[in-house]
Amino acid sequence: MRSISNNHVRSEADIIVVRQRPGHPSQGLLIWGNTVFPCALGRGGIKALKREGDGATPLGSTRLLYGWFRHGKIESRRSGLALRQITPSDGWCDAPADRNYNRPVTLPYPASSETMERKDRLYDCCIVMDYNIRPRRRGRGSAIFFHIAKPGFPPTQGCIAVEPQVMQRLLPHLSPRTRIKVVR
């Protein structure tokens, strides 16, 4: 453990490092302590200057804020993060010109937005990463989440995705102190 301040001690469990898998820019290795898990990255690989629609996973360090889950889809919701059940009206605005860009919205929503209650399993557990949230910059990327991967780890739209059992293993250790550090 290393000390952050007089009042807080940060452990290795608070840091998750993600790097590209050699030779596969849209796949990665998620390193948590001494354990390495495969993960999916954005179709655009890792980029320092992320733009809306480029499919890139943003380079840098972000906190985990909170998350959503689908009822009956994960074994345990025990976590240091606030988690709420996804409803059919949950969405996320991805329209750069909209006042709610890169924020949760209630569906139906007049601007372009993503449905959080997906038909696939990707958002059975979906954690919001603090990328382009505070401050928000229009066009710099939206809906950057830590979520469940499709089988075989095909590319995401810029998110980081892991197998369901990996998410289940990590979930109890995640908190607002957790940082995901994406490196090259």
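This briefing covers the fold, cores, pockets and unusual backbone sites of the structure above. The model is predicted. The protein has one helix and 16 strands. Its radius of gyration is 16 Å, which agrees with the value near 16 Å for a compact globule of 184 residues.

**Overall shape and packing**

- The C-alpha trace spans about 50 × 40 × 35 Å along the principal axes.
- Buried residues make up 49% of the 184 in the protein.
- Take the contacts between residues at least 6 apart in sequence: 58% of them join residues at least 24 apart.

**Nonpolar cores**

- In soluble globular proteins, nonpolar side chains tend to be buried together.
- The largest nonpolar core holds 28 residues. Those touching the most other members are V18, L30, F146, I160, L170, L174 and I180.
- A second, separate core has 13 residues, including L65, Y123, F145 and C159.
- F146 has a long contact list once residues up to four places away in sequence are set aside. L30 is one partner, and C125, C126, I127 and M129 are also touched. The list continues with I160, V162, M167, L170, L174 and I180.

**Largest pocket**

- The volume of the largest pocket is about 370 Å³.
- Its lining counts 24 residues, and E114, Y123, T156, Q157 and C159 are the closest to the centre.
- By type, the lining splits into 10 nonpolar, seven polar and seven charged residues.
- Y123 and C159 appear in this lining and also belong to the second core.

**Second largest pocket**

- This pocket has a volume of about 170 Å³.
- Lining it are 13 residues, with D130, Y131, N132, P135 and R137 nearest the centre.
- Six lining residues are nonpolar, six are charged and one is polar.

**Cis peptide bonds**

- The bond from L107 to P108 is cis, with omega near -5 degrees. P108 sits in the loop between β11 and β12 (113–115).
- The bond from R134 to P135 is also cis, again with omega near -5 degrees. P135 sits in the loop between β13 (125–129) and β14 (145–148).
- P135 is also one of the residues nearest the centre of the second largest pocket.

**Positive phi outside glycine**

- A143 has a positive phi of about 55 degrees, although it is not a glycine. A143 is in the loop between β13 and β14.
- With a relative accessible area of 8%, A143 falls under the 20% limit, so A143 is buried.
- F153 has phi near 60 degrees, a positive value in a residue other than glycine. The loop between β14 and β15 (160–162) contains F153.
- F153 counts as buried because its relative accessibility is 13%.

**A buried loop asparagine**

- N100 lies in the loop between β10 (90–93) and β11 (104–106).
- Its relative accessible area is 13%, so N100 is buried.
- Leaving out residues up to four places away in sequence, N100 touches C93, V105, Y109 and R136.

Notes
Residues are numbered from 1 along each chain as its sequence is written. This is a predicted model: local features need pLDDT of at least 70, side-chain atom pairs count only at pLDDT 80 or more; totals for chains, interfaces and linings use all residues. Side-chain values use heavy atoms; hydrogens and water are left out. On a 1 Å grid over the protein atoms alone, a cavity is a set of points where a 1.4 Å probe fits but cannot get out, and a pocket is an open set with protein on both sides within 12 Å along at least five of seven lines; lining residues have an atom within 4 Å of a point. Grid points are joined across faces, edges and corners, and a volume is the space filled by probe spheres set on the points. Ala, Val, Leu, Ile, Met, Phe, Trp, Tyr, Cys and Pro count as nonpolar, Asp, Glu, Lys and Arg as charged, and the others, Gly among them, as polar. A nonpolar core is a set of buried Ala, Val, Leu, Ile, Met, Phe, Trp, Tyr and Cys residues joined through side-chain atoms within 4.5 Å. Buried means under 20% relative accessible area, exposed over 50%, partly exposed in between (1.4 Å probe, protein chains only). Contact means heavy atoms within 4.5 Å. Helices (H or I, at least four residues) and strands (E, at least two) are DSSP runs, numbered from the N terminus. The radius of gyration is taken over C-alpha atoms; the globule rule is 2.2 Å times the number of residues to the power 0.38.
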